[in-house]
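Q: Hey, could you walk me through this structure? I'm new to this, so plain words please.

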Amino acid sequence: MKNIIVIFGTRPEIIKLAPVIIELRKYPQDYNVIICNTEQQKELSNQTLAYFGLKADINLDCMRENQSLSSVQARILTSLDKVFQENKIDATIVQGDTMTVLCGALTSFYHKIPVFHVEAGLRSYDIYEPFPEEVMRQMTSRVADLHFAPTEVNKDALLREDIPENKIHTVGNTVIDALFCLSDDVVEASKRFFEDKNIPIDDNLVLITAHRRENHGERIDRIIEAISYLAKKYSEHKFVIPVHPNPNVHDKIHDRLGKFDNIYLLKPLDYPNLVYLMKNAKLILTDSGGIQEEAPTFACPTLVMRYETERKEGIDAGVSKLVGADYDKIVEESEKVLSSTKELTRLKAQNPYGDGKTSIRIENLIRNYFS
């Protein structure tokens, strides 16, 4: 039996790793899965774990208020080092590009433990877009033993960086697997959630998320200005914004958008409720990475409020568009959708990111690795 530690700390990581954990645990005679949560997003991460019926074996409580990137990195590294000293570990699984991912990979490297990187090979090639994730993802690639690339584009990026081809496997994205975990009961519960909040879910729904570090400051001001204009002009539409708790985002959004009757400002949503909104939205405006991957499953047009994206397959397939924090572009592209009916704006292209069977492929590759 192999002891495999799965390290994460944020909600997106859990959503994308939960299907892998569930798949590995189908074979208890082969794998002992240790779930380690750095709690980089403490409340959100534990809430999302519970949705998948999972619970962390190890919680590290690494976050502090107003901490620098350096201090949180030092705290996570130190905490993980103790975990590795106290447990026999045969392999580490990390996902994506967060501080937790880099620290998990580095700690494993220092202990000479193989690293399996889920969602490997995404690149923007601008070290400050997204910041600091682009660098964290690239650095993780240098120490990983298995690279689970979602697409051929991601595989090609790794090959150009001289990663051996026998270590790279194109498997799709586990975020699509997670979408198929939604039961009818969960969908019905999400429907009741919005009914209780008196938020009409109909064909005039717009979902907006904005939280990325590089969009703080003047960029979030321009985004808010564009949303304000759209809410005034398209007053028959409902604009739902789960507001990130970071005060750089939270306070500005509440101060400037809280007065609109057709804008609904919510606390961060749990995973099923966010998926319910994506499934029913007419338009999505986001700077999130995960939503770029999920929205095409529901044929929803998506405007990416970033100047660079490491998820270029969606742009190439026409299922999403880059608009940055550019007021004119946000308004122009939004109006193309909002001025028409939902039926006429549905996407025709298939989701380029996966088919819902990625976790099965990953388990098979891990099994082959050990054998």
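A: Sure, let's start with a helix on a sheet. Helix α14 (residues 327–338) lies across β8, β9, β11, β12 (302–304) and β13, and runs at about 160 degrees to β11. One thing to keep in mind is that this is a predicted model.

Q: In what order do the strands of that six-stranded open sheet come?

A: The order is β10-β9-β8-β11-β12-β13, and the pairing is parallel. At the edges stand β10 and β13 (320–322); each has a single partner strand, so one side of each is left without a neighbour in the sheet.

Q: How many degrees are neighbouring strands of this sheet turned against each other on average?

A: The average is 20 degrees, with direction ignored.

Q: And how many bridges hold β8 and β11 as a pair?

A: Strand β8 (residues 205–209) and strand β11 (residues 283–286) pair in the parallel sense over four bridges. In that pair, leucine 207 stands opposite isoleucine 284 of β11.

Q: Which strands does helix α9 touch?

A: Helix α9 (residues 218–233) packs on the sheet and touches β8, β9 and β10. The direction of α9 makes about 150 degrees with that of β9.

Q: Let's go to β10. Which of its residues sit on which side, and are they buried or exposed?

A: In strand β10 (residues 263–266), Ile263 and Leu265 are on one side, while Tyr264 and Leu266 are on the other. All of these are buried, so both faces of the strand are covered. As a general rule, side chains in a regular strand alternate between the two faces of the sheet.

Q: What joins β9 to β10?

A: Four bridges do, between β10 and strand β9 (residues 238–242), and the two run parallel. Phenylalanine 239, for one, has isoleucine 263 in β10 as its bridge partner.

Q: Through which helix does the chain cross from β9 to β10?

A: Through helix α10 (residues 247–257), and this β-α-β crossover is right-handed.

Q: Switching to α11: which of its residues are buried?

A: They are Tyr271, Pro272, Asn273, Leu274, Val275, Tyr276, Leu277 and Met278. That makes eight of the 10 residues of helix α11 (residues 271–280), so the helix is largely enclosed by the rest of the structure.

Q: What about the sheet with seven strands, which order does that one have?

A: That open sheet runs β3-β2-β1-β4-β5-β6-β7, again with parallel pairing. Its edge strands are β3 (58–59) and β7, each pairing on one side only.

Q: How many bridges link β1 and β4?

A: Three bridges link strand β1 (residues 2–8) and strand β4 (residues 91–95), in the parallel sense. Valine 6 stands opposite isoleucine 93 in β4.

Q: Where do α1 and α15 lie on it?

A: Helix α1 lies across β1, β2 (31–37), β4 and β5, running at about 165 degrees to β1. Helix α15 (residues 358–370) packs on the sheet too, touching β1, β2, β4, β5, β6 (146–149) and β7. The direction of α15 makes about 165 degrees with that of β6.

Q: At what angle do α1 and α2 pack?

A: Helix α1 (residues 11–24) and helix α2 (residues 42–51) pack at an angle of about 20 degrees, with their axes 8 Å apart. Angles under 35 degrees count as roughly parallel, so α1 and α2 are roughly parallel to each other. Their crossing is right-handed.

Q: Which residues meet there?

A: Arg11, Ile14 and Ile15 in α1 meet Leu44, Ser45, Thr48 and Leu49 in α2.

Q: New topic: where are the cis peptide bonds before proline 130 and proline 132?

A: One joins glutamate 129 and proline 130, with omega about -5 degrees. Another joins phenylalanine 131 and proline 132, with omega about 0 degrees. Proline 130 is in the loop between β5 (115–118) and α5 (133–143), and proline 132 is found in the loop between β5 and α5 as well. In general, most peptide bonds are trans, and most residues other than glycine have a negative phi.

Q: Which phi does tyrosine 125 have?

A: Tyrosine 125 has a positive phi of about 65 degrees, although it is not a glycine. Tyrosine 125 lies in the loop between β5 and α5, and is partly exposed at 46% relative accessible area.

Q: And aspartate 162, is that one buried or exposed?

A: Aspartate 162 counts as exposed, at 66% relative accessibility. This residue also has a positive phi of about 65 degrees, and lies in the loop between α6 (152–160) and β7 (168–170).

Terms used:
Residues are numbered from 1 along each chain as its sequence is written. This is a predicted model: local features need pLDDT of at least 70, side-chain atom pairs count only at pLDDT 80 or more; totals for chains, interfaces and linings use all residues. Side-chain values use heavy atoms; hydrogens and water are left out. Buried means under 20% relative accessible area, exposed over 50%, partly exposed in between (1.4 Å probe, protein chains only). Two strands pair if DSSP finds at least two bridges between them. A crossover is right-handed if, with the strands pointing away from the viewer, the path from the first strand over the helix to the second runs clockwise. Axes are lines fitted to C-alpha atoms, for helices over the stretch in contact, and angles run from 0 to 180 degrees between N-to-C directions. Angles under 35 degrees count as roughly parallel, over 145 as roughly antiparallel, 65 to 115 as roughly perpendicular and the rest as oblique. A crossing is left-handed if the near helix is turned anticlockwise from the far one by less than a right angle, and right-handed if clockwise. Contact means heavy atoms within 4.5 Å.
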